[in-house]
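Trainee: I should like to learn how the surroundings of a helix and of a single side chain are read from a model. May we work through an example together?

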Protein chains: 2
Amino acid sequence: MTDSLDYAATVLRRCDELAAFSEDEGRLTRRFASPALRAAGEAVREWMEAAGMTVRRDAIGNLIGRSGDANRRTLLIGSHLDTVRDAGRFDGALGVLIGIACAELLRDLPYAIEVVAFADEEGARYGTSYLGSRAFVGCFDEEWLERRDADGVAMRTALGRFGGSPDAIAGCRRDPADLMGYYEVHIEQGPTLESQDVALGVVTAIAGQTRATITFSGVAGHAGTVAMSLRRDALTAAAEWIIATETLARETDGLVATVGQLTLDPGVGNVIPGRATLTLDLRHAEDPVRIRAGEELRRCAEAIAASRELAVEWRSHATPAVGLSPKLTEQLAEAVAATGQPVVRLPSGAGHDAAIVSTIAPAAMLFVRCAGGVSHNPAESVTVQDVAAAIDATTRFLELAA
Amino acid sequence: MTDSLDYAATVLRRCDELAAFSEDEGRLTRRFASPALRAAGEAVREWMEAAGMTVRRDAIGNLIGRSGDANRRTLLIGSHLDTVRDAGRFDGALGVLIGIACAELLRDLPYAIEVVAFADEEGARYGTSYLGSRAFVGCFDEEWLERRDADGVAMRTALGRFGGSPDAIAGCRRDPADLMGYYEVHIEQGPTLESQDVALGVVTAIAGQTRATITFSGVAGHAGTVAMSLRRDALTAAAEWIIATETLARETDGLVATVGQLTLDPGVGNVIPGRATLTLDLRHAEDPVRIRAGEELRRCAEAIAASRELAVEWRSHATPAVGLSPKLTEQLAEAVAATGQPVVRLPSGAGHDAAIVSTIAPAAMLFVRCAGGVSHNPAESVTVQDVAAAIDATTRFLELAA
């Protein structure tokens with residue numbers, strides 16, 4: 001434990017050092033193929049080499065440090081080095097740096113470890129997330145190279161300047177036969193662990209998501225002259241549905257439902273809203289639960305609209321849940337238990353590189369408690385004790401994986 | 001009745017003619033002190049003169065036609081000639097033209113009639129409504145003359161060009177001792193009469209109004225990673241309050257409550273709203289009912305915020321209800337009954353010149369059914385039968401007032 005506390009302190013110091021590599025003065029912004037990402041990668045390369053790893057950069061810009069014989073089967077430990085705008089310093093970087101710390105701690109495993117620092121997870125520059133892990137698993141779409149950022153710079157140009165090889169991205173693809181699995185440590189980005197007073201969480205799945213846009217259409221009217229009984233108010237219909245949505249999510253274990261946008265037409269204080277347009281973000285680790293909930297909420301919107309003599313329009317699209325490896329996840333739970341930490345299992349509501357890499361290798365994920373559940377924000381914060389616990393659990397897990 | 005149908009047809013034809021006097025090509029916009037208002041006034045002047053009236057324009061631009069001896073006490077019949085942007089042709093004009101028709105029908109009343117076409121009720125040009133009737137009752141604020149319209153034209157300049165006398169507005173004030181009362185016919189601007197299948201409504205009062213801005217402040221968060229039980233969602237709190245508001249208004253006779261604006265911060269689909277800001281428009285003909293309801297809704301917002309661990313801020317201001325004359329209103333109800341129409345009494349949720357003139361003379365108001373309750377819209381529509389009924393009721397009322 002003393003060892004892991006020392007390593008944890010090193011990890012946190014390195015997170016601070018990486019936070020200095022930014023495109024923006026005074027705040028952390030480190031997007032795909034930026035000079036800031038390149039500089040951060042050079043620092044990470046030195047730490048990988050100090051841990052005894054052989055380091056290379058692939059065509060999309062992922063930085064890969066390998067320890068262990070060339071012929072041995074490989075366990076991947078990954079996360080990303082890019083950030084959103086005005087980011088925190090732990091989202092992504094923490095997983096990479098814990099991977100390096102553990103590779104340094106365990107130099108004589110009977111398999112090879114590769115620590116992968118993905119070049120793009122957030123998608124903050126080109127609006128397409130997971131560029132790094134998509135190239136890594138062989139599902140990079142070459143058309144993305146023609147996308148332009150806000151300054152008009154094509155991805156192909158940016159990647160070339162970065163030192164990548166736009167024409168060789170197909171070569172990033174890893175052969176599943178070589179891979180034992182993929183493991184990722186990440187801050188939770190939510191308040192569940194903090195609320196349960198535990199340091200670590202074993203991720204069970206990465207939630208599937210339904211995104212819908214719902215429009216209630218009634219009749220606008222004068223706020224002073226239309227009696228309540230004669231109104232067809234789009235907002236009160238929407239409010240009834242929002243409460244029904246919250247109630248369903250509260251009553252359905254593991255379901256989260258969010259209305260994040262709501263706009264009114266005409267949106268004037270003394271006019272009854274004629275139209276209300278709102279968004280639904282619905283997530284659950286089990287697709288059937290999410291799909292049933294979506295159908296129920298749609299029927300509910302239709303029933304509310306019918307009872308209020310309104311029209312309702314519902315447009316939605318969905319992405320399915322990603323299952324993690326039951327075997328690796330059990331080994332991870334065992335490892336956490338072996339360190340004396342309580343084993344808390346929870347799905348990930350946010351997406352991660354693990355969701356992509358799970359298509360070519362069995363995957364497992366460990367969450368680390370973050371203060372207030374805050375992420376994508378400079379206030380992101382983790383404790384050295386929790387990072388030490390994550391290093392302990394990870395080293396046990398890597399030993400069990402053998 | 002044949003007479004009144006003929007007069008009603010004339011009134012509607014004149015409404016059509018007035019609609020041609022507009023500042024905007026292809027739609028009706030006739031704001032205070034505009035050339036369009038001046039031209040409309042000249043047409044009205046001719047119709048007043050044809051009805052045997054002596055016509056003058058006062059310093060603020062109100063057009064006043066008088067029939068009857070100079071020394072007799074005077075009953076005022078008024079409404080306004082200005083409009084909102086893209087207006088209908090009946091809001092205001094109908095009351096003026098019915099007044100002229102009735103003055104023409106009843107040339108030998110034992111008192112004088114003055115038909116007043118107010119120059120500004122809507123406030124569409126300078127953002128201060130009732131300029132015409134405020135000058136008429138002596139509560140015009142001279143500072144308003146320095147206000148500028150969207151083109152930077154000061155009210156003083158515009159009024160001078162219009163032919164008014166900015167420095168003589170105090171002289172518009174009428175001596176209450178000369179006045180028997182004030183009477184106004186107006187389209188209902190709401191659907192109550194249509195829903196009850198009646199042509200006319202006797203207005204009981206002009207509703208008082210509370211306008212409030214309510215802000216619920218919770219905690220923004222990731223839509224995927226914050227469990228329902230850990231959320232402090234500002235929108236779901238607002239939705240609960242919106243439903244409570246609708247319920248209270250439905251259960252309180254004559255109360256109308258409207259949330260017309262709602263904005264979310266940050267207002268992004270995958271982020272739990274941290275702040276919701278909404279408006280309340282609350283109206284009732286009896287101030288104590290409105291005040292009690294406002295207090296109850298404020299307590300309700302505070303209780304919802306407390307139970308959800310949110311903060312709530314409430315800012316409001318109010319204008320009291322305007323009572324109409326019980327005596328004139330009873331005479332108007334008698335007049336309506338005498339024409340064979342059912343007597344429906346209802347408060348006015350919207351403001352009218354009658355609210356201002358009631359400060360110097362007992363006032364009564366008659367509503368005319370309008371299709372769909374629509375107003376402030378080119379789709380405003382009334383039937384010739386309903387206008388004839390209004391003329392019938394008005395002539396009876398004028399006879400009773402003697």
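Mentor: Let us begin with helix 8 of chain B, bearing in mind that this is a predicted model. Its buried residues are B:V289, B:R290, B:A293, B:G294, B:L297, B:A301, B:I304 and B:A305. These residues lie on the same side of the helix, because the arc they cover around the axis is only 135°.

Trainee: Which exposed residues does the face turned away from the buried side of helix 8 of chain B carry?

Mentor: That face carries B:P288, B:R292, B:R299, B:A306 and B:S307, where exposed means over 50% relative accessible area.

Trainee: Against which elements do the buried residues of helix 8 of chain B pack?

Mentor: They pack against four elements of chain B: strand 7 (208–217), helix 7 (234–251), strand 12 (275–284) and strand 13 (311–319).

Trainee: How far apart are the end C-alpha atoms of helix 8 of chain B?

Mentor: They are 30 Å apart, which agrees with the 30 Å that its 21 residues, 287–307, should span at 1.5 Å a residue. After the helix comes B:E309, with a positive phi near 60°.

Trainee: Let us turn to a single side chain. Is A:S79 buried or exposed?

Mentor: A:S79, in strand 3 (residues 74–80) of chain A, is buried, because its relative accessible area is 0%, below the 20% cut-off.

Trainee: Which side chain does a polar contact join to that of A:S79?

Mentor: The partner is A:E184, at 2.9 Å. Beyond its neighbours within four places in sequence, A:S79 is in contact with residues including A:G92, A:V116, A:F118, A:Y182, A:H186 and A:D353.

Methods: Residues numbered from 1 in each chain as written. Chains lettered and ligands numbered in written order. Predicted model: local features only at pLDDT ≥ 70, side-chain atom pairs only at ≥ 80, totals over all residues. Heavy atoms only, no water. Helix = DSSP H or I, 4+ residues; strand = E, 2+ residues; numbered from the N terminus. Expected span 1.5 Å × (residues − 1). Buried < 20%, exposed > 50% of the residue type's maximum accessible area, 1.4 Å probe, protein only. Arc of directions from axis to C-beta. Contact = heavy atoms within 4.5 Å. Polar contact = N/O pair within 3.5 Å; in protein donor to acceptor, adjacent residues only side chain to side chain.
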